[in-house]
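Student: I keep getting lost when I look at a whole protein at once. Please pick one part and take me through it slowly, with what surrounds it.

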Amino acid sequence: THAAEAVRYLQHCIGRMGTKDIRIHNLLLSFLSEEEEEGPLLKYLTSEGLSPSGEPYYDAKFALRRCMKLRKLRATIQLYTMMHLYEEAVNNALHVDLELAKSVAESVAEEDQLLRKKLWLVIAQHVIEQDKSDKGENIRKAIAFRKETDSLLKVEDILPFFPNFVLIDDFKDAIIQSLEEYNTQIEDLRTEMDEITQGTEALRRDIAAVSSRTVRVTHDELLCAKCGTGVAAQAADSAFGAGGEYFVFPCRHVFKRACLVDILCGLSSAKQQLLDKSYADLGEILGQECPYCGDLMIKSISKPFIEEGEEVDSWRLN
């Protein structure tokens, strides 16, 4: 027929000539959707009509309207799934094939647990309500179905789908299993809480030890790491108070107060704010960490050797 010849020509343009024109792809999709068998249409939607990255060459919304109009149910479900409209895909799949609905629910990313659970609940309700003549058989089907969800659904999730008056004997094993799972979760949470408590206590002890920690240095070690002079030497420092004050860090680096201020002013971008601090506040800042071993020195790696406007010739190699 003319339609078959048109399909062959369009497939040649797409497959052999690599045409990516959306109009060509939409036209081929229109012809395939009119065929009685959905196989060629599904093959085109899932492979031939997709780019290597998975993006469709055809207009997905046009394809969806076309398939819905011509009642191509499997193609419609496939398009819903590709467009991440999973709820619509599952609701339509339940009227076609239960296994197809399950495959749609499985295709949802594992990270989206809420959506996965919502879809499986829709399928579970359909399984339970499709045959109300034998309640015992429905219960057994529901319990077996719950196992297919990899414990995503609990017994309490599917109980609302059953009548108010139903024998609980059929739920006995499932309820016991559910209680055992909850007991395991409670034990895991209790273990985690114990570990957090122990970590908190250890941190509290460390903080208490830091507040009372002392460092002993010999007289020979009482040399400023910056200027190399003895820290006991009194140097006039009208801007920062007593010149004899010094800082000793756990790494055993010793600094005069004035030298420490000079180092921090050189490393910090907020030099003026640092100089505007009061004597006591500045002392707390100076004692936070060693300028040679702390984070401030590491962060200064990105600082250029030559500031903007400085003489560059002095750095040139002869």
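Tutor: Start with one word: a residue is buried if its relative accessible area is under 20%, exposed if it is over 50%, and partly exposed in between (1.4 Å probe, protein chains only). At 16% relative accessibility, T81 falls on the buried side of that cut-off. Before we go on, this is a predicted model, in which local features need pLDDT of at least 70 and side-chain atom pairs count only at pLDDT 80 or more, while totals for chains, interfaces and linings use all residues. Residues are numbered from 1 along each chain as its sequence is written, and side-chain values use heavy atoms, leaving out hydrogens and water.

So where does T81 sit? It belongs to helix α5, and that's our part for today. (Helices, H or I with at least four residues, and strands, E with at least two, are DSSP runs numbered from the N terminus.) T81 has buried company in α5: A75, T76, I77, L79 and Y80 are buried too. The cover over the buried residues of α5 includes α3, α4, α6 and α7. Just past the helix, α5 is followed by H84, which has a positive phi near 65°.

Now let's see who T81 touches. Contact means heavy atoms within 4.5 Å. Skipping residues up to four places away in sequence, T81 touches Y86, A89, V104 and S107. Y86 and A89 belong to α6, and V104 to α7, so look at that pair of helices next.

Helix α6 covers residues 86-93 and helix α7 residues 98-106; their axes come within 8 Å and cross at roughly 165°. That makes the two roughly antiparallel, a label for angles over 145 degrees (under 35 is roughly parallel, 65 to 115 roughly perpendicular, the rest oblique). The crossing of α6 over α7 is left-handed. Where they meet, Y86, A89, V90 and A93 of α6 face L98, L100, A101, V104 and A105 of α7.

Next, turn to α3, another of the helices covering α5. In α3, residues 39-48, the buried ones are L41, Y44 and L45. Viewed down the axis of α3, these buried residues fall within an arc of 95°, so they line one face of the helix. Their cover includes α1 (2-15), α2 (22-33), α4 (60-69) and α5 (73-82).

Zoom in on L45, in helix α3. It is buried, with a relative accessible area of 0%. Outside its neighbours within four places in sequence, L45 is in contact with L29, L50, Y58, A75, L79 and M82. Of those, A75 and L79 are among the buried residues of α5, which brings us back to our helix. L45 and A63 are 18 residues apart in sequence, with their C-alpha atoms 8.9 Å apart.

L29 belongs to α2. The axes of α2 and α3 come within 8 Å and cross at roughly 150°, so these two helices are roughly antiparallel as well. From α2, H25, L28, L29, L32 and S33 meet P40, L41, Y44, L45 and E48 of α3.

Finally, step back. The protein chain has 15 helices and two strands, and 31% of its 318 residues count as buried. Among its contacts with a separation of 6 or more, 52% join residues 24 or more positions apart.

Technical notes:
Arc of directions from axis to C-beta. Axes fitted to C-alpha atoms, helices over the stretch in contact; angles between N-to-C directions. Left-handed = near helix turned anticlockwise from the far one by under 90°.
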